[in-house]
Amino acid sequence: MQIKKDLALTNKLLSQGMVSTRDPETGFRYIICASCPNDGGDGTVSRIDRKDNVVERVLFCCSTCGKEFAVKPEDIFLA
Ligand SMILES: [Zn+2]
């Protein structure tokens with residue numbers, strides 16, 4: 001799996017109400033994810049709050065502890 005951190009792209013996606021994108025060059029589909037602040041487990045998107053088609057808040061669900069958590073945009077990565 002390719003993982004990359006791209007704050008500019010992350011912010012662009014969120015401002016467009018999206019949480020995933022496709023790399024036009026490789027065709028690889030990226031979706032935002034984050035590491036659990038409690039145990040570093042993989043967090044996948046579980047809830048998206050949108051306002052006027054802008055993502056205001058994303059909640060991630062940890063695959064290790066099963067808890068939902070939110071992170072700052074700079075802690076979001078694309079995988
Ligand atoms: Zn966790």
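Biologist: Let's start in the hairpin. Which residue in strand 4 does I48 stand opposite?
Modeller: Bear in mind that this is a predicted model. Strand 3 and strand 4 run antiparallel to each other and pair over eight bridges. Across from I48, in strand 4, stands V58.

Biologist: And what is the overall order of helices and strands along the sequence?
Modeller: The protein has one helix and six strands to arrange. Reading along the sequence, the pattern comes out as α-β-β-β-β-β-β.

Biologist: What radius of gyration does the protein have, and why does it agree with a compact globule?
Modeller: The C-alpha trace spans about 35 × 30 × 15 Å along its principal axes. For 79 residues, a compact globule would have a radius of gyration near 12 Å, so the protein agrees with its own value of 12 Å.

Biologist: What share of the residues counts as buried?
Modeller: Being buried takes 20 or more other C-beta atoms within 10 Å. Of the 79 residues in the protein, the share that meets this is 18%.

Biologist: Which residues of helix 1 are buried, and why do they line one face?
Modeller: Helix 1 covers residues 7-15. Its buried residues are T10, L13 and L14. Looking down the helix axis, they fall within an arc of 95 degrees, so they line one face of the helix.

Biologist: Which exposed residues sit on the face turned away from that buried side?
Modeller: The buried side of helix 1 has cover that includes strand 1 (20-22), strand 2 (29-35), strand 4 and strand 6 (77-78). The face turned away from the buried side carries exposed residues, and these are A8, K12 and S15.

Biologist: What phi does G17 take just after helix 1?
Modeller: G17 comes just after helix 1. Its phi is positive, at about 75 degrees.

Biologist: How far is D49 from G17 in space, C-alpha to C-alpha?
Modeller: D49 lies in strand 3. Along the sequence, D49 and G17 are 32 residues apart. In space, their C-alpha to C-alpha distance is 9.2 Å.

Biologist: Is D49 buried or exposed, and why?
Modeller: Leaving aside neighbours within four places in sequence, D49 is in contact with E56 and R57. A residue with 12 or fewer other C-beta atoms within 10 Å counts as exposed. D49 has 11 such atoms, so D49 is exposed.

Biologist: Back to the hairpin of strand 3 and strand 4: what is the phi of D52?
Modeller: That hairpin has two residues between its strands. D52 is in the loop between strand 3 (42-51) and strand 4 (54-62), and is exposed, with 6 other C-beta atoms within 10 Å. Most residues other than glycine have a negative phi. D52, though, has a positive phi near 50 degrees.

Biologist: And what about the phi of N53?
Modeller: N53 also has its place in the loop between strand 3 and strand 4. N53 is exposed, with 9 other C-beta atoms within 10 Å. Its phi is positive as well, near 70 degrees.

Biologist: Where strand 4 pairs with strand 5, which residue of strand 5 is opposite C61?
Modeller: Strand 4 and strand 5 (residues 68-69) pair in the antiparallel sense over two bridges. In their hairpin there are five residues between the strands, and G66 takes a positive phi near 75 degrees. Opposite C61, in strand 5, stands E68.

Conventions: Residues are numbered from 1 along each chain as its sequence is written. This is a predicted model: local features need pLDDT of at least 70, side-chain atom pairs count only at pLDDT 80 or more; totals for chains, interfaces and linings use all residues. Helices (H or I, at least four residues) and strands (E, at least two) are DSSP runs, numbered from the N terminus. The radius of gyration is taken over C-alpha atoms; the globule rule is 2.2 Å times the number of residues to the power 0.38. Two residues are in contact if their C-beta atoms, placed from the backbone, lie within 7 Å. The arc is that of the directions from the helix axis to the C-beta atoms. Two strands pair if DSSP finds at least two bridges between them.
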